[in-house]
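Reader: I'm new to this one and would like to learn how to read it. Could you walk me through it, one feature at a time?

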Amino acid sequence: MRVVRTRAELAGALAGRPGRRAVVMTMGALHDGHLSLVRAAREVADQVVVTIFVNPLQFGPTEDLERYPRDLEGDAAKLATVGADLVFAPSVDEVYPREPVVTVSAGLIGEVLEGEHRPGHLDGVLTVVCKLAHLVRPDVALFGQKDAQQLVAVRRMVADLDLDVQVLAVPTVREPDGLAMSSRNAYLDADQRATALVLSRALAAGATAAGRGADASTVAAAATEVLATEPGLELDYLALRDAELGELGAGYRGPALLLVAGRVGATRLIDNVVLDLGATTSEEH
């Protein structure tokens with residue numbers, strides 16, 4: 001496995017390599033969730049490229065850009081064990097040689113949910129995803145389901161801008177206690193981690209209700225009831241949307257996303273679960 005830091009080194013490493021190419025885009029501080037993406041990429045491609053770049057465009061002025069964990073040596077060691085072929089770990093100046101004037105807008109997708117609490121965040125994500133896709137030129141890009149709104153936005157960008165890349169989603173990887181894996185989990189102390197578990201418990205309650213054939217309001221109420229048991233969580237939102245993050249109409253049946261975000265201490269966490277609303281239950285047969 002090779003680690004390259006510049007555009008020129010990346011182009012040289014990619015030149016003449018035959019076969020299908022996959023990319024996994026990360027900000028580093030890698031955990032098993034990231035590694036699951038690389039393993040999945042290994043199954044669908046002949047060459048797996050992992051990008052490691054802490055993208056300043058997707059951080060707000062009061063967010064954790066400076067303290068976001070960085071460990072390139074440790075990340076490279078982990079990637080070598082799961083079949084990555086190439087790591088592209090550029091500097092900020094390498095990705096943005098000058099202040100970008102033209103950027104990608106997430107449009108309406110970037111104005112709801114995460115967009116309400118992190119204005120401009122998804123614009124920054126899409127801008128760097130677009131740039132990295134042009135630099136790596138992958139056939140397929142893999143993203144985790146945990147960042148559901150990001151996944152929806154990337155898919156829409158690829159479709160709307162005719163980017164020649166297939167986007168694949170990989171299921172959320174969870175800790176044994178149910179907490180969704182995130183690089184920001186490292187910020188939590190023991191008490192805060194116990195509080196954070198209410199997120200996955202709430203989603204599980206909503207999923208259980210949906211599995212019993214409950215309607216949208218009942219599913220949301222089941223999750224809300226669980227969230228209310230944990231005063232240490234500062235809730236940003238609990239939302240039930242369709243698969244494209246649209247509002248649910250009356251009597252909606254079909255694929256849906258139950259999404260939650262909140263703060264535990266100074267740490268902001270997100271999670272979600274994919275549901276099938278209005279599915280026929282076994283008792284109805």
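Reader: Let's start with a single residue. Is Glu63 buried, partly exposed or exposed?

Author: Keep in mind that this is a predicted model. Buried means under 20% relative accessible area and exposed means over 50%, with partly exposed in between. Glu63 has a relative accessible area of 26%, so this residue is partly exposed.

Reader: Which side chain does Glu63 meet in a salt bridge?

Author: The general idea is that side chains of opposite charge can pair when their charged atoms come close. Here Glu63 pairs with Arg118, at 2.8 Å from N to O. Arg118 has a relative accessibility of 10%, so this partner counts as buried.

Reader: Where do Arg118 and Glu63 lie in the chain?

Author: Both are in loops. Arg118 is in the one between α5 (114–117) and α6 (121–136), and Glu63 is in the one between β3 and α3. They are 55 residues apart in sequence, so their salt bridge ties together separate parts of the chain.

Reader: How many salt bridges does the count come to?

Author: The count comes to 10. Another one joins Asp177 and Arg193, whose closest N and O atoms are 3.2 Å apart. This pair also links distant parts of the chain: Asp177 is in the loop between β6 and α8 (190–211), Arg193 is in helix α8, and the two are 16 residues apart. On accessibility, Asp177 is partly exposed at 36%, and Arg193 is partly exposed at 25%.

Reader: What about Arg241: which residue does it form a salt bridge with?

Author: That would be Glu247, with 3.3 Å between the closest N and O atoms. Arg241 counts as buried at 11% relative accessibility, whereas Glu247 counts as exposed at 62%. Salt bridges can also share partners: Glu114, Asp236 and Arg268 are joined into one network that way.

Reader: Now the sheets. In what order do the strands of the open sheet of 3 strands run?

Author: First the general idea: strands of a sheet pair through backbone hydrogen bonds, either parallel or antiparallel. In this sheet the order is β7-β8-β9, and the pairing is antiparallel. The edges are β7 (233–242) and β9 (267–277), each of which pairs on one side only. On average, neighbouring strands are turned by 15 degrees against each other, ignoring direction.

Reader: How many bridges pair β8 with β9?

Author: There are 11 bridges between β9 and strand β8 (residues 254–264). For one example you can find on the model, look at Pro255, whose bridge partner in β9 is Asp276.

Reader: Which helix lies across these strands?

Author: Helix α9 (residues 216–227) lies across β7, β8 and β9, and runs at about 165 degrees to β7.

Reader: Can we zoom in on β9? What does Thr267 touch?

Author: Thr267 has its place in strand β9. Leaving out residues up to four places away in sequence, Thr267 touches Arg184, Tyr187, Leu188 and Gly262. Its relative accessibility is 4%, so Thr267 counts as buried.

Reader: On to helices. What span should helix α2 have?

Author: You can work it out from 1.5 Å a residue: the 13 residues of α2 (residues 32–44) should span 18 Å. The end C-alpha atoms of α2 are 19 Å apart, which agrees.

Reader: And what covers the buried residues of α2?

Author: The cover includes β2 (21–26), β3 (47–52), α3 (72–80), β5 (140–144) and β6 (166–170). Among the buried residues of α2 are Leu35, Leu37 and Val38.

Reader: How far apart are the end C-alpha atoms of helix α7?

Author: They are 18 Å apart, which agrees with the 18 Å expected for the 13 residues of α7 (residues 148–160). Its buried residues include Leu151, Val152 and Met157. Just after α7, Asp162 takes a positive phi of about 55 degrees.

Reader: Let's step back. How many helices and strands does the protein have?

Author: It has 9 helices and 9 strands. Of its 285 residues, 51% count as buried. The C-alpha trace spans about 60 × 40 × 40 Å along its principal axes.

Reader: What radius of gyration would a compact globule with 285 residues have?

Author: Near 19 Å, and the protein has 19 Å, which agrees. As for contacts between residues at least 6 apart in sequence, 72% of them join residues at least 24 apart.

Terms used. Residues are numbered from 1 along each chain as its sequence is written. This is a predicted model: local features need pLDDT of at least 70, side-chain atom pairs count only at pLDDT 80 or more; totals for chains, interfaces and linings use all residues. Side-chain values use heavy atoms; hydrogens and water are left out. Two strands pair if DSSP finds at least two bridges between them. Helices (H or I, at least four residues) and strands (E, at least two) are DSSP runs, numbered from the N terminus. Axes are lines fitted to C-alpha atoms, for helices over the stretch in contact, and angles run from 0 to 180 degrees between N-to-C directions. Contact means heavy atoms within 4.5 Å. The expected span of a helix is 1.5 Å times one less than its number of residues. Buried means under 20% relative accessible area, exposed over 50%, partly exposed in between (1.4 Å probe, protein chains only). A salt bridge is a side-chain nitrogen of Lys or Arg within 4 Å of a carboxyl oxygen of Asp or Glu. The radius of gyration is taken over C-alpha atoms; the globule rule is 2.2 Å times the number of residues to the power 0.38.
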